[in-house]
Amino acid sequence: MAQQAAPAAPATAGPQQAPGFYRYKVGDIEVTAILDGFAPRSLEGFVRNVDAAEVQKALQERFLPTNTLVNTFTTLALRTGGRIILIDTGNGEMGAPTTGRLAAILPMAGIDPAQVDTILISHFHGDHINGLRRRDGSAVFPKAEIMVPAAEWAFWMSDERMNQAPEAMRGGFQNVRRVFGPIAKDVKQYEADKELVPGVTSVAAYGHTPGHTAFAIASGNGRMIVVGDSAIHPALFVRNPDWSPVFDMDPDAARATRRRLLDLAASERMQVAMYHAPFPSTGYVAKSGNGFEFIPVAWTGAI
């Protein structure tokens, strides 16, 4: 989901919560969910194909505000085979003041950013890639191998597409060049349905963006699907998978992807990780009527 301009008066004053990280296991793979922060998002025009009253009703039924969505951002760090792998990197220093916490929280979770081995990028919206690079241009993860979807690279790094894009999209193209330009020759592009690192396979999830990718994690008897922005908030798009958030670039493809991934998770009883779901942003999906129901994990002190 594309990050919007920072709110004029972010909610930063007053008591703060403890740093947001939460560990769990998928088979033998240790997963650390890291809360990069939150940002309020106006609901006006947020769902493009249903009336605002329907959106408000869906939120009210889940005891959520009906005029603003509290949008959260959760990245994942995997420990497997002696390696540390990140899935997406959050907002960095370019998002709202209430975001960009990843680099600070990683050490609190026992992870040195300088020792991250591999970073898997799901797609090129700023709230997923800006954490790679500080505002001054320096790299946050100097040792890391960066892996990106080939279809995403082909779209966003095309000068022709940038020149043809509407003015509102030009900033996205320019930001991709800011992030990846200095390391373009070293970035590794991957295709769908490939094992990228042991236990992690890319899954085509196109529609939100041209190369948006999900990740299937498998270890022993553990299985999880990391759906990225295919289902942005469970109260809206898991319960109503045919609703289209304004950020889906190809709404028809995105709806088909959403149903496919949610149906897979429900049918196979796979754990699900969702980038914008309430922290720790993981749980399970069950079929419910014409849609699905998200069942969050039960928080536990042991992993």
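Two strands count as paired here if DSSP finds at least two bridges between them. With that in hand, take β10 and β11. Strand β10, residues 213-219, pairs with β11 in the antiparallel sense, over five bridges. One of the residues involved is S219, and its bridge partner in β11 is G222. Please keep in mind throughout that this is a predicted model.

Let me place that pair in its sheet. β10 and β11 belong to an open sheet of seven strands, in the order β8-β9-β10-β11-β12-β13-β14, and the pairing in this sheet is mixed. Its edge strands are β8, residues 195-197, and β14, each of which pairs on one side only. From one strand to the next, the twist averages 35°.

Now the end of the sheet that runs from β12 to β14. β12 covers residues 271-274 and β13 covers residues 282-288; the two are antiparallel and pair over two bridges. At this pairing, A273 has T282 of β13 as its bridge partner. β13 then pairs with β14, residues 291-296, again antiparallel, and here there are six bridges. A286 is bridged to E293 in β14. β13 and β14 form a hairpin with two residues between the strands, and in that hairpin G289 takes a positive phi near 60°.

Next, the other sheet I want to show. It is also open, has seven strands with mixed pairing, and follows the order β1-β2-β3-β4-β5-β6-β7. At the edges are β1, residues 21-26, and β7, residues 188-190; each pairs on one side only. Neighbouring strands in this sheet are turned against each other by 25° on average, with direction ignored. Within it, β3 and β4, the latter being residues 83-87, run antiparallel and are joined by five bridges. There, T80 stands opposite R83 of β4.

On to the nonpolar core. Which residues have the most contacts inside the largest nonpolar core? They are I119, F124, F141 and F180, in a core of 29 residues. Several elements each supply at least two residues to this core: β4, α2 (102-108), β6 (145-149), α4 (150-156) and α6 (167-180). Of the contributors, α6 gives the most, with four residues.

Last, the empty space. Rolling a probe the size of a water molecule over the atoms shows where such space is left. How many cavities of 30 Å³ or more are there? The count comes to two.

The largest cavity has a volume of about 70 Å³. Its lining consists of T74, L76, I87, D88, V226, G228, A273, M274, Y275 and S281. A273 is the residue we met earlier, bridged to T282. β3 (68-80), β11 (222-228) and β12 each supply at least two residues of this lining. β3 is a strand of the β1 to β7 sheet, while β11 and β12 sit in the β8 to β14 sheet. By class, the lining has six nonpolar residues, three polar and one charged.

The second largest cavity has a volume of about 40 Å³. P149, A150, A151, Y190, E191, A192, Y206, G211 and T213 line this cavity. Sorted by class, six of these lining residues are nonpolar, two are polar and one is charged.

To close, the points to look for in the model: the open sheet from β1 to β7, the open sheet from β8 to β14, the core of 29 residues, and the two cavities of 30 Å³ or more.

Note on methods:
Residues are numbered from 1 along each chain as its sequence is written. This is a predicted model: local features need pLDDT of at least 70, side-chain atom pairs count only at pLDDT 80 or more; totals for chains, interfaces and linings use all residues. Side-chain values use heavy atoms; hydrogens and water are left out. On a 1 Å grid over the protein atoms alone, a cavity is a set of points where a 1.4 Å probe fits but cannot get out, and a pocket is an open set with protein on both sides within 12 Å along at least five of seven lines; lining residues have an atom within 4 Å of a point. Grid points are joined across faces, edges and corners, and a volume is the space filled by probe spheres set on the points. Ala, Val, Leu, Ile, Met, Phe, Trp, Tyr, Cys and Pro count as nonpolar, Asp, Glu, Lys and Arg as charged, and the others, Gly among them, as polar. Axes are lines fitted to C-alpha atoms, for helices over the stretch in contact, and angles run from 0 to 180 degrees between N-to-C directions. A nonpolar core is a set of buried Ala, Val, Leu, Ile, Met, Phe, Trp, Tyr and Cys residues joined through side-chain atoms within 4.5 Å. Buried means under 20% relative accessible area, exposed over 50%, partly exposed in between (1.4 Å probe, protein chains only).
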